[in-house]
Amino acid sequence: MSHFSQRLFSERAASWLQQSGLHPLLARLYAARGLESPDTLSLDLKQLLSPADLKNCLSTASLLADILENKEPMLIVADYDCDGATACAVGLRGLQMLGGSDTLIQFLVPNRFTMGYGLTPEVVELAAQQSPKPKYLITVDNGIASEAGVDRARELGIEVIVTDHHLPGDHLPKAMAIVNPNQPDCPFPSKALAGVGVMFYLLVALRAELRKRGKFTADTQPKIENLLDLVALGTVADVAQLDRNNRILVSNGLKRIRSEISQPGIQALFQVAIRDPRKANTFDLGFAIGPRLNAAGRLADMSLGIRLLLTNNPDEALALAQELDRINRERRVIETGMQEAALAHLAEDQLDGTLSERTSICLWNPEWHQGVVGIVASRLKERFNRPAIVFAPADGASGEELRGSGRSLTGFHLRDALDLVSKREPGLILKFGGHAMAAGLTIRKSDFERFDFCFQQVASELLNEELLQRRQIHDGALELSEFTPEIGDLLAEEIWGQGFPQPVFYGEFEITKQSLMKEKHLRLTLRPLGAGPSDSKPFTAVWFNHTQSLPSKAKLAYRLVTDRYQGQARVQLMIEAHNDSPEA
């Protein structure tokens, strides 16, 4: 059963925003998301926070300027997800734009299955074998927890510059420089920068440093802003909080994509995803483009994705995007199989009544693929509203270790929970890392039951009934006059996402027709109650992954979108929840 509640907002703030020329509906939605004055509405690049506030950003830029001047070899060490791939592409493209040579700036992305996460000593060994041997390693979207890797690099005569956004552990690595808004004593007001955002900031500071050194003027300097399409993709795909600073980055990146002047790789990804870049929005980046890029790191090798983001050749971009699309389809098949097996296992627990008593879900299966465990954990968390950790064998079915990925609920800090388990049971977790909503860990196969018990215990202590109750927050009702394609387009153009949620509305409807699409999605024809027969044409609505039919009158939470078919624009409702539904 869902608990429904309306997002509160200040009438005064909404009125002030509306007086500044904002559409009345947007004024209400913005006020409900904490925007209080017209000054906060602008997402112009000039409003970005200054790199001077990002600890070590200016001094690291000066160091990079020296390295470029001395023509010393650098190697970017990337992470294998979408944020890591875009950060790597931004770093390489940006350093080359600012005078770096193609041969002296290379990249390496570790294989997640053989080398684990971050700058491990094994990754450093591999980096040292590159030709030319790098004098500097620059980590993107990783490195803040890589003490052993940084120590190994220094033993081999290689200095490390860490750019990251993850939370640090108890000790920082002994790197030459660390740029991370989440490191101790960093005054940067936005702690939500993704890894790609940190790299972009470093390049902006480097450009300013090179300008100061007379390399170019404000008129002749390279346009680092041309990389904002990559910054937008990495930020949204990493589910970074869309505070104002991130919304500025994403908004300006989306403008480039909509103007069809983005990187050939991004244009090719839109083409294979059958999405129109001219109408690109954050939903496309998060659910169509990001997953195709991520698929490379999940099942194959993320260097494929980085090559796509680096190529300037449209034909090569399309060929690489088609390969990523194929890998993503393969990922979906694997994920569906894993999900079905997980649900079958949990159905047994449901039958004997143990599932309802659990405050967490932990599962593993010898057949599962470690590249897809995070997505399956996310699906289970959504379905059962419980923190979920899904494990797969780390080295094939015969290995002794399990690698797991977890997803959490708001209010239950997953990394802290794992930290508590590891302190109570030293040695039980071999390694772990992550943040509040997502984390990864490794345990021994033989310790799975013990881990499940200990994690369950911690979850029972830290979670209460309120956190475990599924909450459906909505933005109130729409006026009948607002059910228009124009309103759907208006909403689609805005920058919604984590921390600045997409609007969900609430109302009572008369349902005149319902049927199943592809045997798994509910399709409805409905009309808002209170609208007379002449007032309103019926609308179509879809409730994805929901098969249970609804009563003839129902209170529904929904998103309003514009559907275009054969040149006709029509309103369509995407149902999110039904307030009488146990599955809502």
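**Exercises on a barrel and two cores**

Five strands close into a barrel in the order E13-E14-E15-E17-E16, with mixed pairing, where two strands pair if DSSP finds at least two bridges between them, and strands (E, at least two residues) and helices (H or I, at least four) are DSSP runs numbered from the N terminus. This is a predicted model, in which local features need pLDDT of at least 70 and side-chain atom pairs count only at pLDDT 80 or more, while totals for chains, interfaces and linings use all residues. Residues are numbered from 1 along each chain as its sequence is written, and side-chain values use heavy atoms, with hydrogens and water left out.

**Exercise 1.** Describe how strand E13 pairs with strand E14.

*Solution.* Begin with the ranges, which are residues 505-517 for E13 and 521-528 for E14. Next, note that the two strands pair in the antiparallel sense over 8 bridges. Finally, find Phe-509, whose bridge partner in E14 is Pro-528.

**Exercise 2.** Decide whether Leu-409 is buried or exposed, and find its surroundings.

*Solution.* First, locate Leu-409 in the loop between strand E9 (401-407) and helix H17 (414-424). Then take its relative accessibility of 6%, because of which Leu-409 counts as buried (buried means under 20% relative accessible area, exposed over 50%, partly exposed in between, with a 1.4 Å probe and protein chains only). Lastly, leaving aside neighbours within four places in sequence, list its contacts (heavy atoms within 4.5 Å), which include Lys-381, Pro-387, Met-437 and Leu-463.
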